[in-house]
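Student: I would like to go through the packing of this model with you, one question at a time.

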Amino acid sequence: MSLFIGLKLVHLLAVVMMIGATIINGLLHGLAVKATPSEASTLTHAVGVVNRRVMLPSFVVLPLSGAALTVWIGYAWTEFWIVLGLGLTAALVLAFAVGARLEARLNTAAQTAERQLPPAYFKTFKRAAPIGAGALILSLITLWVMIAKPV
């Protein structure tokens with residue numbers, strides 16, 4: 001396998017990891033909101049693990065491999081689709097940072113609850129859910145931009 005094909009493969013796998021982790025997080029949160037505090041604590045902990053072991057590495061690999069591919073192929077950094085992709089990626093990183101803080105609050109609320117999840121859990125969930133859904137939409141738009149390369 002050539003270095004170029006290997007780089008493209010790494011980039012593609014990072015995309016799959018990012019989108020997959022976003023979907024998994026949504027599924028886990030959907031289960032946690034209906035669960036007992038103990039189950040919700042386990043599920044929200046799992047979200048944190050997915051974020052640290054899957055999502056965060058993809059956010060490191062994607063821009064690095066994308067930059068390497070851009071240089072290798074010879075695209076101009078000023079091309080619309082590259083600038084748009086970088087902006088969308090920055091928005092995704094911001095959503096990740098804000099979402100991770102909210103997810104930590106959800107985990108703490110679940111861990112400290114006794115018989116049922118407290119109102120603060122649901123209030124935080126209502127703030128976190130649109131961020132997660134927005135991140136998925138941004139991820140899919142970013143993927144489309146990278147494939148379609150609109151001018």
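**Contacts, cores and surface**

Tutor: This is a predicted model. Leaving aside residues up to four places away in sequence, Y121 touches A32, V33, A40, T44, L106, A109 and A110.

Student: Is Y121 buried or exposed?
Tutor: The cut-off for buried is under 20% relative accessible area. Y121 has a relative accessible area of 0%, so Y121 is buried.

Student: Which helix supplies the largest share of the largest nonpolar core?
Tutor: That core has 15 residues, and Y121 is among those with the most contacts inside it, as are L43 and L117. At least two core residues come from each of α1 (3–32), α2 (37–73), α3 (80–112) and α4 (119–148). The largest share is four residues, and the helix supplying them is α3.

Student: How many residues are in the second, separate core?
Tutor: Its members include V15, V50, M55 and F96. The residue count of this second core is 13.

Student: What kind of pair do the rings of Y121 and F122 form?
Tutor: The ring centres lie 5.6 Å apart, and pairing requires centres within 6.5 Å. The planes stand at 75 degrees, and over 60 counts as one class. The pair is therefore edge-to-face.

Student: Is F122 buried, partly exposed or exposed?
Tutor: Buried is under 20% and exposed is over 50%. F122 has 33% relative accessibility, so F122 is partly exposed.

Student: What is the relative accessible area of M1?
Tutor: M1 lies in the segment before α1. With I5, L9 and L13, M1 makes a nonpolar surface patch of about 430 Å². M1 is exposed, and its relative accessible area is 77%.

Terms used. Residues numbered from 1 in each chain as written. Predicted model: local features only at pLDDT ≥ 70, side-chain atom pairs only at ≥ 80, totals over all residues. Heavy atoms only, no water. Core = buried A, V, L, I, M, F, W, Y, C linked by side-chain atoms within 4.5 Å. Buried < 20%, exposed > 50% of the residue type's maximum accessible area, 1.4 Å probe, protein only. Contact = heavy atoms within 4.5 Å. Patch = residues over 30% accessible without salt bridge, like charges linked within 9 Å, V, L, I, M, F, W, Y side chains within 5 Å. Areas by Shrake-Rupley, 256 points an atom, 1.4 Å probe, with all protein chains shown as cover. Salt bridge = Lys/Arg side-chain N within 4 Å of Asp/Glu carboxyl O. Phe/Tyr/Trp six-rings, centres within 6.5 Å; stacked < 30°, edge-to-face > 60°.
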